[in-house]
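Biologist: I have a model open and want to learn how to read it. Where do we begin?

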Amino acid sequence: MIKWWWIRHGPTHHKGLVGWSDIAADLSNVTALKRLQAHLPEDGLVISSDLQRCVSTADRIQGARIRLPHNDKLREFNFGDWELRNASDIAKEYPELSKKYWSSPGKAAPPNGESWNQAAKRVCSAVDEISAEHQGKNIIAVGHFGVILTQLQRAAKMPASSAISFQIDNLSITRIEYLGGNDWRVLGVNCKP
(Lines give C-alpha, C1' and ligand atoms only; values in the text may rest on other atoms or scores of the structure.)
Protein backbone atom coordinates (compact mmCIF):
# COMPACT_ATOMS: atom_id res chain seq x y z
CA MET A 1 0.00 0.00 0.00
CA ILE A 2 1.16 3.52 -0.80
CA LYS A 3 -0.41 6.58 0.77
CA TRP A 4 -0.50 9.65 -1.46
CA TRP A 5 -0.90 13.02 0.25
CA TRP A 6 -1.67 15.44 -2.58
CA ILE A 7 -1.14 19.10 -1.66
CA ARG A 8 -2.23 21.89 -3.96
CA HIS A 9 0.44 24.60 -4.18
CA GLY A 10 0.04 28.06 -2.63
CA PRO A 11 -2.13 30.59 -4.51
CA THR A 12 -0.81 32.54 -7.49
CA HIS A 13 -3.63 35.14 -7.54
CA HIS A 14 -3.59 35.10 -11.34
CA LYS A 15 -7.06 35.46 -12.85
CA GLY A 16 -6.45 33.44 -16.03
CA LEU A 17 -5.65 29.80 -16.72
CA VAL A 18 -2.21 29.01 -15.32
CA GLY A 19 -0.79 25.80 -16.71
CA TRP A 20 2.86 25.56 -17.67
CA SER A 21 3.68 29.22 -16.96
CA ASP A 22 6.20 29.37 -14.14
CA ILE A 23 4.40 31.77 -11.81
CA ALA A 24 5.37 32.14 -8.16
CA ALA A 25 3.07 31.14 -5.30
CA ASP A 26 2.02 33.47 -2.50
CA LEU A 27 3.33 31.73 0.61
CA SER A 28 2.58 34.54 3.05
CA ASN A 29 0.05 32.47 5.04
CA VAL A 30 2.66 31.15 7.46
CA THR A 31 0.04 29.80 9.88
CA ALA A 32 -1.59 27.62 7.21
CA LEU A 33 1.79 26.34 6.04
CA LYS A 34 2.86 25.44 9.58
CA ARG A 35 -0.43 23.62 10.23
CA LEU A 36 -0.06 21.76 6.95
CA GLN A 37 3.55 20.78 7.68
CA ALA A 38 2.61 19.51 11.17
CA HIS A 39 -0.32 17.48 9.80
CA LEU A 40 1.72 15.55 7.23
CA PRO A 41 3.45 12.24 8.09
CA GLU A 42 7.01 12.72 9.37
CA ASP A 43 8.24 9.75 7.33
CA GLY A 44 6.74 11.09 4.09
CA LEU A 45 8.79 11.52 0.95
CA VAL A 46 8.23 14.97 -0.60
CA ILE A 47 7.99 15.44 -4.36
CA SER A 48 6.62 18.23 -6.51
CA SER A 49 6.05 19.44 -10.02
CA ASP A 50 9.07 21.29 -11.38
CA LEU A 51 7.17 24.60 -11.58
CA GLN A 52 8.20 27.14 -8.93
CA ARG A 53 4.76 27.46 -7.32
CA CYS A 54 4.98 23.77 -6.37
CA VAL A 55 8.71 23.70 -5.64
CA SER A 56 8.50 26.65 -3.24
CA THR A 57 5.41 25.22 -1.51
CA ALA A 58 7.22 21.88 -1.11
CA ASP A 59 10.24 23.72 0.31
CA ARG A 60 8.03 25.29 2.99
CA ILE A 61 6.37 22.05 4.12
CA GLN A 62 9.32 19.67 3.76
CA GLY A 63 10.79 20.02 7.24
CA ALA A 64 13.15 17.08 7.93
CA ARG A 65 11.46 14.85 5.35
CA ILE A 66 13.39 13.33 2.43
CA ARG A 67 12.96 15.23 -0.84
CA LEU A 68 12.65 13.44 -4.17
CA PRO A 69 13.65 15.21 -7.42
CA HIS A 70 11.07 17.56 -9.00
CA ASN A 71 9.05 15.82 -11.69
CA ASP A 72 7.95 17.63 -14.86
CA LYS A 73 5.29 14.96 -15.52
CA LEU A 74 3.44 16.36 -12.47
CA ARG A 75 2.94 19.74 -14.16
CA GLU A 76 -0.51 21.28 -14.53
CA PHE A 77 -2.40 20.81 -17.80
CA ASN A 78 -0.80 22.48 -20.80
CA PHE A 79 -3.39 25.09 -21.82
CA GLY A 80 -1.55 26.00 -25.03
CA ASP A 81 -2.98 29.16 -26.64
CA TRP A 82 -5.37 29.58 -23.69
CA GLU A 83 -2.53 29.99 -21.20
CA LEU A 84 -2.94 33.01 -18.88
CA ARG A 85 -6.23 33.99 -20.54
CA ASN A 86 -9.52 34.19 -18.63
CA ALA A 87 -12.36 31.77 -19.28
CA SER A 88 -14.83 34.37 -20.58
CA ASP A 89 -12.41 35.58 -23.28
CA ILE A 90 -11.66 32.00 -24.27
CA ALA A 91 -15.40 31.20 -24.46
CA LYS A 92 -15.96 34.17 -26.79
CA GLU A 93 -13.12 33.23 -29.13
CA TYR A 94 -13.61 29.43 -29.01
CA PRO A 95 -17.29 28.93 -28.01
CA GLU A 96 -17.74 25.31 -29.12
CA LEU A 97 -14.29 24.06 -28.15
CA SER A 98 -14.40 25.82 -24.78
CA LYS A 99 -17.80 24.35 -23.97
CA LYS A 100 -16.69 20.85 -24.95
CA TYR A 101 -13.37 21.15 -23.06
CA TRP A 102 -15.06 22.09 -19.77
CA SER A 103 -18.38 20.22 -19.95
CA SER A 104 -17.10 16.96 -21.47
CA PRO A 105 -13.42 16.76 -20.58
CA GLY A 106 -11.59 14.01 -22.40
CA LYS A 107 -10.41 14.37 -25.97
CA ALA A 108 -10.92 18.11 -26.55
CA ALA A 109 -7.76 20.18 -26.25
CA PRO A 110 -6.95 23.90 -26.44
CA PRO A 111 -5.02 24.89 -29.56
CA ASN A 112 -1.38 23.84 -29.02
CA GLY A 113 -2.34 22.41 -25.61
CA GLU A 114 -3.26 19.02 -24.21
CA SER A 115 -6.57 17.32 -23.54
CA TRP A 116 -7.71 15.96 -20.18
CA ASN A 117 -6.93 12.45 -21.43
CA GLN A 118 -3.40 13.41 -22.49
CA ALA A 119 -2.67 15.16 -19.20
CA ALA A 120 -4.14 12.28 -17.16
CA LYS A 121 -2.01 9.75 -19.04
CA ARG A 122 1.13 11.82 -18.38
CA VAL A 123 0.36 12.21 -14.66
CA CYS A 124 -0.68 8.58 -14.18
CA SER A 125 2.59 7.39 -15.72
CA ALA A 126 4.55 9.52 -13.22
CA VAL A 127 2.44 8.31 -10.29
CA ASP A 128 2.93 4.69 -11.39
CA GLU A 129 6.71 5.16 -11.61
CA ILE A 130 6.89 6.84 -8.20
CA SER A 131 4.64 4.19 -6.64
CA ALA A 132 6.78 1.36 -8.05
CA GLU A 133 9.96 2.93 -6.63
CA HIS A 134 8.57 3.72 -3.18
CA GLN A 135 6.26 0.88 -2.18
CA GLY A 136 4.82 1.07 1.32
CA LYS A 137 5.70 4.76 1.73
CA ASN A 138 3.84 7.99 2.36
CA ILE A 139 4.25 10.21 -0.70
CA ILE A 140 3.64 13.93 -0.15
CA ALA A 141 3.12 15.32 -3.64
CA VAL A 142 2.80 19.06 -4.15
CA GLY A 143 0.88 19.51 -7.35
CA HIS A 144 -1.72 21.42 -9.29
CA PHE A 145 -5.52 21.52 -9.40
CA GLY A 146 -5.86 19.49 -12.62
CA VAL A 147 -3.19 16.99 -11.63
CA ILE A 148 -4.95 16.22 -8.35
CA LEU A 149 -8.27 15.87 -10.15
CA THR A 150 -6.81 13.27 -12.55
CA GLN A 151 -5.76 11.17 -9.56
CA LEU A 152 -9.12 11.59 -7.86
CA GLN A 153 -10.76 10.46 -11.09
CA ARG A 154 -8.49 7.44 -11.28
CA ALA A 155 -8.94 6.40 -7.65
CA ALA A 156 -12.72 6.82 -7.60
CA LYS A 157 -13.14 5.36 -11.10
CA MET A 158 -15.33 8.28 -12.09
CA PRO A 159 -15.65 10.09 -15.41
CA ALA A 160 -13.60 13.25 -15.92
CA SER A 161 -16.84 15.25 -16.05
CA SER A 162 -17.49 14.24 -12.42
CA ALA A 163 -13.93 14.76 -11.23
CA ILE A 164 -13.80 18.30 -12.60
CA SER A 165 -16.67 19.31 -10.31
CA PHE A 166 -14.56 18.81 -7.14
CA GLN A 167 -13.07 21.79 -5.36
CA ILE A 168 -9.36 21.60 -4.59
CA ASP A 169 -8.26 24.67 -2.64
CA ASN A 170 -4.73 25.96 -2.38
CA LEU A 171 -2.82 24.33 0.50
CA SER A 172 -5.45 21.61 0.87
CA ILE A 173 -4.80 17.87 1.20
CA THR A 174 -6.37 15.16 -0.93
CA ARG A 175 -5.54 11.70 0.39
CA ILE A 176 -5.51 8.68 -1.89
CA GLU A 177 -4.23 5.17 -1.18
CA TYR A 178 -2.83 2.82 -3.79
CA LEU A 179 -3.74 -0.72 -2.74
CA GLY A 180 -2.08 -2.56 -5.65
CA GLY A 181 -3.16 -3.62 -9.11
CA ASN A 182 -5.91 -1.24 -10.22
CA ASP A 183 -7.22 -0.72 -6.70
CA TRP A 184 -7.23 2.75 -5.18
CA ARG A 185 -9.14 4.32 -2.34
CA VAL A 186 -10.02 7.98 -1.74
CA LEU A 187 -9.65 8.92 1.94
CA GLY A 188 -10.35 12.65 1.80
CA VAL A 189 -10.66 15.52 -0.66
CA ASN A 190 -9.80 19.19 -0.15
CA CYS A 191 -9.05 18.81 3.57
CA LYS A 192 -7.50 21.71 5.45
CA PRO A 193 -5.72 20.99 8.72
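Modeller: With a strand pair. This is a predicted model. Strand E5 (residues 173-180) pairs with strand E6 (residues 183-191) in the antiparallel sense, over 6 bridges.

Biologist: What is the bridge partner of Gly180 in E6?

Modeller: Asp183 is the partner of Gly180. The hairpin of E5 and E6 has 2 residues between the strands. Look at Gly181 there: its phi is positive, near 60°.

Biologist: And how do I read side chains along a strand?

Modeller: In a regular strand, side chains alternate between the two faces of the sheet.

Biologist: Now helices. At what angle do H1 and H2 pack?

Modeller: Take helix H1 (residues 30-39) and helix H2 (residues 52-62). They pack at about 65°, and their axes are 8 Å apart. The H1 and H2 crossing is right-handed.

Biologist: Which residues in H1 and H2 meet?

Modeller: From H1, Val30, Leu33, Leu36 and Gln37. From H2, Arg60, Ile61 and Gln62. By class, the residues of this contact are 4 nonpolar, 2 polar and 1 charged.

Biologist: Last, the pockets. What volume has the largest pocket?

Modeller: About 500 Å³. The largest pocket is lined by 23 residues, and the closest to its centre are Arg8, Leu17, Val18, Glu76 and Phe145. Helix H4 (95-103) and helix H6 (145-156) are the elements that give two or more residues to the lining.

Biologist: Which element gives the most to that lining?

Modeller: H6, with 3 residues. Sort the lining of the largest pocket by class, and you get 13 nonpolar, 7 polar and 3 charged residues.

Terms used. Residues are numbered from 1 along each chain as its sequence is written. This is a predicted model: local features need pLDDT of at least 70, side-chain atom pairs count only at pLDDT 80 or more; totals for chains, interfaces and linings use all residues. Side-chain values use heavy atoms; hydrogens and water are left out. On a 1 Å grid over the protein atoms alone, a cavity is a set of points where a 1.4 Å probe fits but cannot get out, and a pocket is an open set with protein on both sides within 12 Å along at least five of seven lines; lining residues have an atom within 4 Å of a point. Grid points are joined across faces, edges and corners, and a volume is the space filled by probe spheres set on the points. Helices (H or I, at least four residues) and strands (E, at least two) are DSSP runs, numbered from the N terminus. Ala, Val, Leu, Ile, Met, Phe, Trp, Tyr, Cys and Pro count as nonpolar, Asp, Glu, Lys and Arg as charged, and the others, Gly among them, as polar. Two strands pair if DSSP finds at least two bridges between them. Axes are lines fitted to C-alpha atoms, for helices over the stretch in contact, and angles run from 0 to 180 degrees between N-to-C directions. A crossing is left-handed if the near helix is turned anticlockwise from the far one by less than a right angle, and right-handed if clockwise. Contact means heavy atoms within 4.5 Å.
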